[in-house]
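Work through the exercises below with the sequence and the model side by side, and attempt each task before reading its solution.

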Amino acid sequence: MTAPETARTLHAQLHLLDRQVVRARDGRLVCKVDDLETALGEQGRPYVTALLYGPLALGPRVGGVPGALMTAVTRLLRPEEDPAPRRIPMTLVSAIGSAVQVGGDLGHPALERWARDNIVARIPGSGPVTAGPAPRHERAGEVTPGRGRLSRLIGLTVTDATGDTAGQVADVRLSQDGPLLGEAGQAFQVAGFVVVPRHTGQLFGYERGPGGQAPLLVRTIIRRLHRGSRYVPWSAVGSLGEDGLRLTVPSGELPPLTELYQRASDSTTSQSWRKRARP
């Protein structure tokens with residue numbers, strides 16, 4: 001079943017990953033979104049449950065030697081037996097725009113907390129450092145067992161119904177019509193995938209839809225680089241796993257990215273998301 005046209009839509013890579021997180025009440029910087037925690041809903045459809053941040057979230061995304069080194073050093077410095085990425089539940093997210101605004105008691109940013117515990121506390125004469133109560137998002141636990149990370153969907157190989165390789169996942173489209181998440185309303189769940197035929201660099205959004213604010217020359221170059229890119233709606237997904245994304249239709253039947261948005265819906269899609277006010 002496809003997402004209703006009225007559902008708010010975002011693209012994970014374009015609108016959420018690496019976006020700055022700020023505290024809603026005073027604009028204080030908290031962290032950056034390094035990954036998204038997901039759970040499985042109906043028909044195995046992933047939906048976003050939390051923002052993940054810190055080296056243990058970013059390291060696997062970076063990959064290779066730098067990512068492995070980042071993860072190993074962090075595990076050495078963390079006192080837990082099996083540390084996991086820090087998380088901020090989506091129930092605390094109040095708005096998504098140029099930055100992600102979050103409410104609740106977020107405590108100290110991760111870097112300040114690490115410096116307090118590992119540097120300041122060890123300086124002779126500094127006295128005991130009191131951490132105070134655990135922040136609300138950490139009391140809720142870290143990455144929940146059995147849940148996944150949305151970044152693992154990026155880069156998956158896509159195979160169509162004929163067995164041919166259609167490309168790889170470059171971005172994940174999310175629609176806010178998933179399961180209820182407390183006062184935050186409905187969760188953002190996977191609505192579809194942006195699929196590119198080859199790795200041609202990061203997508204910046206200019207290749208999607210007929211509109212856009214980029215100069216004509218930039219739009220022309222970007223769309224030339226990403227010609228042949230397609231959009232896979234969830235209704236065309238046969239199976240989704242670590243071995244890749246398998247479709248129920250031939251790749252030739254998938255709509256091109258230039259048809260992803262209608263001109264009339266461009267302004268609706270680009271608007272920032274804000275949590276619905278309580279009645």
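Two exercises follow, one on a pair of helices and one on a pair of aromatic rings.

This is a predicted model, in which local features need pLDDT of at least 70 and side-chain atom pairs count only at pLDDT 80 or more, while totals for chains, interfaces and linings use all residues. Residues are numbered from 1 along each chain as its sequence is written, and side-chain values use heavy atoms, with hydrogens and water left out.

**Exercise 1.** Determine how helix α2 and helix α3 pack.

*Solution.* Begin with the geometry: α2 (residues 55-62) and α3 (residues 64-77) pack at an angle of about 160°, and their axes are 7 Å apart. The two helices are therefore roughly antiparallel (angles over 145 degrees, on a scale from 0 to 180 between N-to-C directions). Next, list the contact (heavy atoms within 4.5 Å): α2 contributes P55, L56, L58, G59, P60 and V62, and α3 contributes G64, P66, G67, M70, T71, T74 and R75. Finally, sort these residues by class, which gives 7 nonpolar, 5 polar (Gly among them) and 1 charged.

**Exercise 2.** Describe the aromatic pair that the structure holds, and say which parts of the chain the pair ties together.

*Solution.* Start with the rings: F193 and W234 lie 6.5 Å centre to centre with 35° between the planes, a tilted pair (centres within 6.5 Å, planes neither under 30 degrees nor over 60 degrees apart). Then place them: F193 belongs to strand β12 (residues 189-196) and W234 to the loop between β13 (230-233) and β14 (237-241), so the pair ties together parts 41 residues apart in sequence. Lastly, check accessibility: both F193 and W234 are buried (under 20% relative accessible area, 1.4 Å probe, protein chains only).

Terms used: Helices (H or I, at least four residues) and strands (E, at least two) are DSSP runs, numbered from the N terminus. Angles under 35 degrees count as roughly parallel, over 145 as roughly antiparallel, 65 to 115 as roughly perpendicular and the rest as oblique. Rings of Phe, Tyr and Trp (its six-membered ring) pair if their centres lie within 6.5 Å; planes under 30 degrees apart count as stacked, over 60 as edge-to-face and the rest as tilted. Buried means under 20% relative accessible area, exposed over 50%, partly exposed in between (1.4 Å probe, protein chains only).
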